[in-house]
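The following exercises concern the packing of helices in a single protein chain. Please attempt each task with the sequence and the structure in view before reading the solution.

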Amino acid sequence: MNYGEYIRSELLLLIPVLNIVGAVLKKSRLPDRWIPLLLGGLGILLSAVRVLSTTSVRTAQETAGAVFTAVTQGILLAGASVYVHQLYVQSQKKT
């Protein structure tokens, strides 16, 4: 999978950030089932900050486009972070 086709290049830096946040959450008392959801929310929030800081939003259509971009990018970033984590976990298993 070529993430460059789906995730904006300026947001790729958020994958390791979300991975680190996920590792911190994993060590907390938070149940594992909540970690992907929280990473998704954080990914959307951070994507929204980036999108809104670089996009001129004057009309309802531009607002809808910015929100759509932030949500889809945030979900993709969280998914990529979980995917990277699982690649690491599975590579450490001895068969």
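**Exercise 1.** Identify the buried residues of helix 2 and state which helices they pack against.

*Solution.* Step 1: the buried residues of helix 2 are Ile35, Leu39, Gly40, Gly43, Ser47, Ala48 and Val51, where buried means under 20% relative accessible area, exposed over 50% and partly exposed in between, for a 1.4 Å probe and protein chains only. Helices (H or I, at least four residues) and strands (E, at least two) are DSSP runs, numbered from the N terminus.

Step 2: these residues pack against helix 1 (14-27) and helix 3; contact means heavy atoms within 4.5 Å.

Two remarks on the basis of the values apply throughout. The model is predicted, so that local features need pLDDT of at least 70 and side-chain atom pairs count only at pLDDT 80 or more, while totals for chains, interfaces and linings use all residues. Residues are numbered from 1 along each chain as its sequence is written, and side-chain values use heavy atoms, with hydrogens and water left out.

**Exercise 2.** Compare the expected span of helix 2 with the distance between its end C-alpha atoms.

*Solution.* Step 1: the expected span is 1.5 Å times one less than the number of residues. Step 2: helix 2 has 20 residues and should therefore span 28 Å. Step 3: the end C-alpha atoms of helix 2 are 28 Å apart, which agrees.

**Exercise 3.** Describe how helix 2 and helix 3 pack: at what angle, with which handedness and through which residues?

*Solution.* Step 1: helix 2 (residues 35-54) and helix 3 (residues 60-92) have axes 7 Å apart and pack at about 135 degrees. Axes are lines fitted to C-alpha atoms, for helices over the stretch in contact, and angles run from 0 to 180 degrees between N-to-C directions.

Step 2: the two helices are therefore oblique to each other. By definition, angles under 35 degrees count as roughly parallel, over 145 as roughly antiparallel, 65 to 115 as roughly perpendicular and the rest as oblique.

Step 3: helix 2 and helix 3 cross in a right-handed manner. A crossing is left-handed if the near helix is turned anticlockwise from the far one by less than a right angle, and right-handed if clockwise.

Step 4: on the side of helix 2, the contact includes Gly40, Gly43, Ser47 and Ala48, and on the side of helix 3 it includes Ala70, Gln73, Gly74 and Leu77. By class, this contact holds 12 nonpolar, seven polar and no charged residues. Here Ala, Val, Leu, Ile, Met, Phe, Trp, Tyr, Cys and Pro count as nonpolar, Asp, Glu, Lys and Arg as charged, and the others, Gly among them, as polar.

**Exercise 4.** For Ala70, Gln73 and Leu77, determine the burial and the contacts, leaving aside neighbours up to four places away in sequence.

*Solution.* Step 1: Ala70 is found in helix 3 and is buried, because its relative accessible area is 4%. Ala70 contacts Ile44, Ser47, Ala48 and Val51. Between Ala70 and Ala48 the C-alpha distance is 4.6 Å, although they are 22 residues apart in sequence.

Step 2: Gln73 lies in helix 3 and is likewise buried, with a relative accessible area of 6%. Gln73 touches Tyr6, Ile7, Arg8, Leu11 and Ser47.

Step 3: Leu77, also in helix 3, counts as buried at 0% relative accessibility. The contacts of Leu77 are Ile7, Leu11, Leu14, Ile15, Leu18 and Ser47. Leu77 and Gly40 are 37 residues apart in sequence and 7.7 Å apart in space, C-alpha to C-alpha.

**Exercise 5.** Describe the packing of helix 1 against helix 3 and against helix 2.

*Solution.* Step 1: helix 1 and helix 3 pack at about 65 degrees, with axes 8 Å apart, and their crossing is right-handed. Leu14, Ile15, Leu18 and Asn19 of helix 1 meet Leu77, Ala78, Ala80, Ser81, Val84 and His85 of helix 3. This contact divides into seven nonpolar, three polar and no charged residues.

Step 2: the axes of helix 1 and helix 2 come within 10 Å and cross at roughly 145 degrees, again in a right-handed crossing. The contact includes Leu14, Leu18 and Lys26 of helix 1 and Ile35, Leu39 and Ser47 of helix 2. Its classes are nine nonpolar, three polar and one charged.

**Exercise 6.** Place these details within the whole chain: how many helices and strands are there, and what share of residues is buried?

*Solution.* Step 1: the chain has three helices and zero strands, in the order α-α-α. Step 2: of its 95 residues, 24% count as buried. Step 3: among contacts between residues at least 6 apart in sequence, 67% join residues at least 24 apart.
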